[in-house]
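Trainee: Got a minute to go through this structure with me? I'd like to ask about whatever catches my eye.

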Amino acid sequence: MTAYATCLLGFGEVGQAITQDLRVRVGQLTAWDLKFADSGSAPSRAAAELNVLAASDARKAVAEADLIISAVTAAQIGAAAKSVAPHLKRGAYYFDLNSTSPSAKSEAAEIIDSAGGRFVEAAIMSPISPRRAASPMLLGGTHAAGFLPLARELGFSGAEMFSGKLGAASAAKMCRSVVIKGLETLMIESLLAARHHGVEAAVIDSLRTLFSGDNVSATPRYMISRALIHGRRRAEEMSEAARTVEEAGISPRMSSACAEWQAWAANHGDAASTPDIVVMLDALLASRGSHS
């Protein structure tokens, strides 16, 4: 077990997932999440269940931390860095797992490094479950090579050095997200229209060769449900993907449309628990005010 005092900024899906691996390697973990202000919130309940010390504010969360792991939402990467920068121990590692554009990472890195911290960029290149901390991750930035041995000691066994150039790992992640998150929203648009016209079974069957497994309708339903459950966070991520594409001098038509669909899906999360895809599609069609 390492003596590194560790703090998690953000205690949502990613923070909770990696806690299960970190707590057996670092002992007591501290976390800070804006939702800790509500003792009944999901992050507050999870902190209690996982034996994580819920800090009362950002200063107390990071003051003694040798390692800060940032796992907030994409839109909050800068705000999170600013909230803790004045309180960092000199030389503390700041391991940023957020899915953002290269420029957003660079802006956060400037805040942390100027305050005496060591910013390490990470891009998670798969869903966080089931491998959690062992998920494949690309590390980047000037401090990444020095941090890699500690990362592996802490259970980030899928981490690898990608580039000393800050932003390269995030660019790879964002370009991947154009495809992965885009497929979810393509499925929503396609099957909602197909169900309206009464041809959803034929469309799903025609996609059989794209999916593995015996239950051909399971994958489309799963893809749509992910957007329904995580659409708000995915919409922020896809706005960052659009920024990444735009920074390349390319009009982000697909990324921007995907961000819109993910935001729409977030407002229809109740349908995610429906096990039958036809019933799910009917619920979404009944609740829509149109895609706007």
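Trainee: How do the axes of α9 and α11 cross, and within what distance do they come?
Mentor: Keep in mind that this is a predicted model. The axes of helix α9 (residues 218–247) and helix α11 (residues 277–287) come within 10 Å and cross at roughly 40 degrees. That angle makes α9 oblique to α11. As for handedness, α9 passes α11 in a left-handed crossing.

Trainee: And what about α9 with α10, at what angle do they cross?
Mentor: There the crossing angle is roughly 160 degrees, and the axes of α9 and α10 (residues 253–266) come within 7 Å. α9 therefore counts as roughly antiparallel to α10, because the cut-off for that label is over 145 degrees. The crossing of α9 and α10 is left-handed.

Trainee: I spotted tyrosine 222. Where does it sit?
Mentor: Tyrosine 222 is in α9. Its relative accessible area is 46%, so tyrosine 222 is partly exposed. From its C-alpha atom to that of methionine 254 is 21 Å, with the two residues 32 apart along the chain.

Trainee: Switching to the sheet: what's the strand order?
Mentor: The order is β3-β2-β1-β4-β5-β6-β7-β8, an open sheet of 8 strands with mixed pairing. Its edge strands are β3 (53–54) and β8 (159–163), each pairing on one side only.

Trainee: Which strands does β1 pair with?
Mentor: Strand β1 pairs in the parallel sense with β2 (residues 29–32) over 4 bridges. With β4 (residues 67–70), β1 also runs parallel, joined by 4 bridges. If you want landmarks, leucine 9 stands opposite tryptophan 32 in β2, and cysteine 7 stands opposite isoleucine 68 in β4.

Trainee: How does the chain get from β1 to β2?
Mentor: The chain goes through helix α1 (residues 13–26), and this β-α-β crossover is right-handed.

Trainee: Are the faces of β1 covered or open?
Mentor: Both faces are covered. Thr6 and Leu8 are buried on one side, and Cys7 and Leu9 are buried on the other. Cysteine 7 has 0% relative accessibility, so it falls under the 20% cut-off for buried.

Trainee: Speaking of cysteines, how many disulfides are there?
Mentor: The search of the whole structure finds 0 disulfides. Take cysteine 258: its nearest cysteine sulfur, that of cysteine 175, is 13 Å away. A disulfide needs the two sulfurs within 2.5 Å, so that pair does not count. Cysteine 258 is buried too, with a relative accessible area of 3%.

Trainee: Back to the sheet. In what sense do β6 and β7 pair?
Mentor: Strands β6 (residues 118–124) and β7 (residues 137–140) pair in the antiparallel sense over 4 bridges. Isoleucine 124 has methionine 137 in β7 as its bridge partner.

Trainee: What's unusual in the loop between those two?
Mentor: A little background helps: most residues other than glycine have a negative phi, and most peptide bonds are trans. Proline 130 is in the loop between β6 and β7, and the peptide bond from serine 129 to proline 130 is cis, with omega near 10 degrees. Arginine 132 is found in that loop as well. Arginine 132 has a positive phi of about 55 degrees, although it is not a glycine. At 26% relative accessibility, arginine 132 counts as partly exposed.

Trainee: And asparagine 51, what's its phi?
Mentor: Asparagine 51 has a positive phi of about 60 degrees without being a glycine. Asparagine 51 lies in the loop between α2 (42–49) and β3, and with a relative accessible area of 58%, asparagine 51 is exposed.

Technical notes:
Residues are numbered from 1 along each chain as its sequence is written. This is a predicted model: local features need pLDDT of at least 70, side-chain atom pairs count only at pLDDT 80 or more; totals for chains, interfaces and linings use all residues. Side-chain values use heavy atoms; hydrogens and water are left out. Buried means under 20% relative accessible area, exposed over 50%, partly exposed in between (1.4 Å probe, protein chains only). Two strands pair if DSSP finds at least two bridges between them. A crossover is right-handed if, with the strands pointing away from the viewer, the path from the first strand over the helix to the second runs clockwise. Axes are lines fitted to C-alpha atoms, for helices over the stretch in contact, and angles run from 0 to 180 degrees between N-to-C directions. Angles under 35 degrees count as roughly parallel, over 145 as roughly antiparallel, 65 to 115 as roughly perpendicular and the rest as oblique. A crossing is left-handed if the near helix is turned anticlockwise from the far one by less than a right angle, and right-handed if clockwise.
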